[in-house]
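Me: Hi! I'm new to reading structures and could use some company on this one. Can we put it up and go through it together?

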Amino acid sequence: MHDTPPSPAGTAADPQRQRWMAVLARADAAAIAARLETLTPPPPHRRLRGPEAGLVMVRGRLGGDGAPFNLGEMTVTRCTVQLEGGAVGHAYVAGRDARKAELAALLDALLQDPARREVLLATVIEPLAAAQAAAAAREARRAAATRVEFLTMVTTR
Amino acid sequence: MYVAVKGGERAISHAHAWLAALRRGEAAVPELELAQIREQLGLAVDRVMAEGACHDPDLAALAIKQACGDLIEAAFLLRAYRTTLPRFGASLPLDTARMRLWRRVSATYKDLPGGQLLGPTFDYTHRLLDFSLAAPGAPPPAPAEEACAAAAAAPRVSDLLADEGLMQPEPRAESEPPDLTRQPLACPAARPLRLQALARGDEGFLLALGYSTQRGYGNAHPFVGEIRQGAVAVEFTPPELGFPVQIGEITVTECQMVNQFLGSRTEPPQFTRGYGLVFGRGERKAMAMALVDRALRAGELGEEVTAPAQDQEFVLYHADNVEATGFVEHLKLPHHVDFQSELENLRGIRAAAQAAAATLPEAAE
């Protein structure tokens, strides 16, 4: 089996990192790869774990806001890579796309380097985020077009 | 008793080869691609993911193809596949209040904050066969779009009632919920376990039970407080990171059934909730689940348990179609030894009865 990768124990939640991991998780492998191609090739990395497919049990809440319950599982692929320089990147992404998980882990490692972060955010993360936001906005506009005003027939005497 | 048998390998392999040919159908007709099933038979995919209790649209599409469209067989295939994968952990509970809504309707309020959004629904269609779909044609025009206020707030209907103190609150305990995939079902089952069983239960079974509560088997007077359907983020805390990260978005359907409750010694008269939540766009399933969830709460709300839908053991032990099909369908497997003993038993009883009759004069008339 796989060794447990080096753990940055006690890592505090980093909103910026959470955001790029979320954007990468929602993107597909081809879109991430296409963005990466526009950059100078990243330094070599080695896989510390995976990519490997597994399951995450998705939970809901009783009544939507009460105690948790187990709704059902979903497939998830995880990957951990290490750059030659030393940074370790992680990815947990829905589905079974090994290439996507590895690309996301690689980017997570690269983005932790302050020297590269700005360029990567501007050329990879922000364009992906913008495409996702545009798709979400289009769905919201489609939903808005189905807004219905029900009229009640009231007879007044 | 089922006794394993040997032999028949040749016949079995020939039967499976014929099944494979039948699955493919007429060779002149183009073969189905998984993407076609995933994109164009989305509600079948959703049902297989819900009853297979495993969210993966591509795997569900493969299962549907392999099962020749038999959705229970497809759910079975998905359940079998999931056992080959390691469990990384559990997600944070979904926050359905933050769902990106496609659809949101309430039968209890005409005007409500956020409005009524019909979304992509069969409701209000005329249920006339559309023969224009019989021949391939140009794709339909893009759906209409209308400007909407950014992040139009759509609070839950249950929250609106709760603000007035008229909705029984759900205790917000953060205890680890029981898991049917780890421990077998045992009754009495707490509500989290019941909801897990219902979420993966057979849509047809739950539909019939829900319907029975409306027809008088169990005292229900439900309203659809709210149905919401859309994409919701799944967050998971990887142990190596120690903070939650979003791992993707999934489509779910949620149903809040609002029911009257007359109150008890400890609780005032108020509304209570039946709750349904399913993977995908399985709205009928979410509604049926909510009806049955409420019926199963009869005991804890001090109501009389009289109807099948209120009987935990009856509902929970029979809702799982993979288990049900396993036990029903095993009857067709060889029971030769079993039946041989029954046969000998019956012949013996008959022989004894005939022998007894022969010794008794005029026993026949």
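Me: Okay, where in chain B does B:Pro188 sit?
Reply: B:Pro188 is in the loop that runs between helix 6 (157-163) and helix 7 (191-199) of chain B. Helices (H or I, at least four residues) and strands (E, at least two) are DSSP runs numbered from the N terminus. One thing to know early: this is a predicted model, in which local features need pLDDT of at least 70 and side-chain atom pairs count only at pLDDT 80 or more, while totals for chains, interfaces and linings use all residues. As for labels, residues are numbered from 1 along each chain as its sequence is written, chains are lettered from A and ligands numbered from 1 in the order in which they are written, and side-chain values use heavy atoms, without hydrogens and water.

Me: Thanks! What sort of peptide bond joins B:Cys187 and B:Pro188?
Reply: That peptide bond is cis, with an omega of about 5°. Most peptide bonds are trans. A cis bond also joins A:Gly50 and A:Pro51, where omega is about 5°.

Me: And where does A:Pro51 lie?
Reply: A:Pro51 belongs to strand 1 of chain A. That strand covers residues 45-61, and A:Arg49 is found in it too.

Me: Is A:Arg49 buried or exposed?
Reply: A:Arg49 counts as buried because its relative accessibility is 7%. Buried means under 20% relative accessible area, exposed means over 50%, and partly exposed is in between (1.4 Å probe, protein chains only).

Me: What does the side chain of A:Arg49 make a polar contact with?
Reply: Its partner is the side chain of B:Glu240, at 2.4 Å, so this one crosses from chain A to chain B. A polar contact is a pair of N or O atoms within 3.5 Å; within protein, one must be able to donate a hydrogen and the other to accept it, and residues adjacent in sequence count only if both atoms are side-chain atoms.

Me: Nice, so on to the two chains together. How many residues of chain B are in contact with chain A?
Reply: On the chain B side there are 76, and they touch 61 residues of chain A. Contact here means heavy atoms within 4.5 Å. The area buried between the two chains is about 6,200 Å², and carbon and sulfur atoms give 59% of it. In chain B, the residues that lose the most area to chain A are B:Phe88, B:Glu240 and B:Ile247, which together make up 13% of what that side buries. Buried area is the accessible area (1.4 Å probe) that two parts lose on being put together, summed over both.

Me: Quick change of topic. How many helices and strands are there in chain A?
Reply: Chain A has 4 helices and 4 strands. Going along the sequence, the pattern is α-α-β-β-β-α-α-β. Chain A has 157 residues, and 50% of them count as buried. Among its contacts between residues at least 6 apart in sequence, 56% join residues at least 24 apart.

Me: Back to chain B, then. Which residue does B:Arg103 reach with its side chain in a polar contact?
Reply: The side chain of B:Arg103 pairs with that of B:Glu283, at 2.7 Å. B:Arg103 is part of strand 3 (residues 100-105) of chain B. With a relative accessible area of 2%, B:Arg103 is buried. Beyond its neighbours within four places in sequence, B:Arg103 has contacts that include B:Leu117, B:Thr121, B:Asp123 and B:Ile227.

Me: What about B:Cys68, what is its phi?
Reply: B:Cys68 has a positive phi of about 55°, although it is not a glycine. Most residues other than glycine have a negative phi. You can find B:Cys68 in the loop between helix 4 (57-66) and helix 5 (71-82) of chain B. B:Cys68 is partly exposed because its relative accessibility is 45%.

Me: And is B:Arg127 buried or exposed?
Reply: B:Arg127 is exposed, since its relative accessibility is 61%. B:Arg127 has a positive phi of about 55° without being a glycine. Its place is the loop between strand 4 (116-117) and helix 6 of chain B.

Me: Last one: how many Å separate the C-alpha atoms of B:Ala353 and B:Asn219?
Reply: Those atoms are 52 Å apart, and the two residues are 134 places apart along the chain. B:Ala353 is in helix 12 (residues 336-359) of chain B. B:Ala353 is partly exposed, with a relative accessible area of 46%.
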